[in-house]
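Trainee: Please pick one part of this model and take me through it closely, with the cut-offs spelled out as you go.

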Amino acid sequence: MYAIIANGSKQYKVTVGETVKFEKLEKNVGEKVEFEVLLVSDENGVKLGADVAGVKAVGEVVAQDKFRKVVVYKYKAKKNIRKKQGHRQPFTAVKIENIG
């Protein structure tokens, strides 16, 4: 069984027991989070639209962390202009506990 959930402007495919990394959520570790379910697929088939109107995916925040560093290097040829930047995107790891 899996579900497609919406968070912000992105959609994620999740199953029960899976840990998913979302863009940073303003929640503390251990708090519960609910997500809107767009589609559910199980042994009975696929349900979407009005069939999943009351369905929620519930998860628990496991960690607040940052991804590994991405290095951005810009330069202009023959001008001696160089710029090196690093970026670490923050994320929230959520373990999906229940879909229903």
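Mentor: Let's fix one term up front: a residue is buried under 20% relative accessible area, exposed over 50%, and partly exposed in between, using a 1.4 Å probe and protein chains only. Some ground rules as well: this is a predicted model, where local features need pLDDT of at least 70 and side-chain atom pairs count only at pLDDT 80 or more, while totals for chains, interfaces and linings use all residues. Residues are numbered from 1 along each chain as its sequence is written, and side-chain values use heavy atoms, with hydrogens and water left out.

My pick is strand β4, which covers residues 32–42. Strands here are DSSP runs of E with at least two residues, helices are runs of H or I with at least four, and both are numbered from the N terminus.

What does β4 bring to the largest nonpolar core? Such a core is a set of buried Ala, Val, Leu, Ile, Met, Phe, Trp, Tyr and Cys residues joined through side-chain atoms within 4.5 Å. The largest one has 18 residues, and I5, V14 and F35 have the most contacts inside it. Six strands each supply at least two of its residues: β1 (2–7), β2 (10–14), β3 (19–23), β4, β6 (56–66) and β9 (90–99). The largest share, four residues, comes from β4.

F35 deserves a closer look. Leaving out residues up to four places away in sequence, F35 touches I5, A6, N7, F22, L25, K56, A57, V94 and I96, where a contact means heavy atoms within 4.5 Å.

F35 also takes part in ring packing. Rings of Phe, Tyr and Trp (its six-membered ring) pair if their centres lie within 6.5 Å; planes under 30 degrees apart count as stacked, over 60 as edge-to-face, and the rest as tilted. The structure holds three aromatic pairs. In one of them, Y12 and F22 meet edge-to-face, 4.7 Å centre to centre with 80° between the planes. Both Y12 and F22 are buried. The F22 and F35 rings also have their centres 4.7 Å apart, but their planes are at 25°, so that pair is stacked. It links distant parts of the chain, with F22 in β3 and F35 in β4, 13 residues apart. F35 is buried too, and Y12, F22 and F35 form one aromatic cluster.

Now for charge, at K32. A salt bridge is a side-chain nitrogen of Lys or Arg within 4 Å of a carboxyl oxygen of Asp or Glu, and the whole structure has three. K32 and E60 form one, with their closest N and O atoms 3.9 Å apart. E60 lies in β6 and K32 in β4, so this pair ties together parts 28 residues apart in sequence. K32 also meets E97, at 2.8 Å from N to O. Here E97 sits in β9, so the pair joins parts that are 65 residues apart in sequence. Shared partners put K32, E60 and E97 into one network. How accessible are these residues? K32 comes out at 48%, E60 at 27% and E97 at 33%, so each counts as partly exposed.

Last stop on β4 is S41. With a relative accessibility of 13%, S41 counts as buried. Again not counting residues up to four places away in sequence, S41 touches M1, Y2 and V46.
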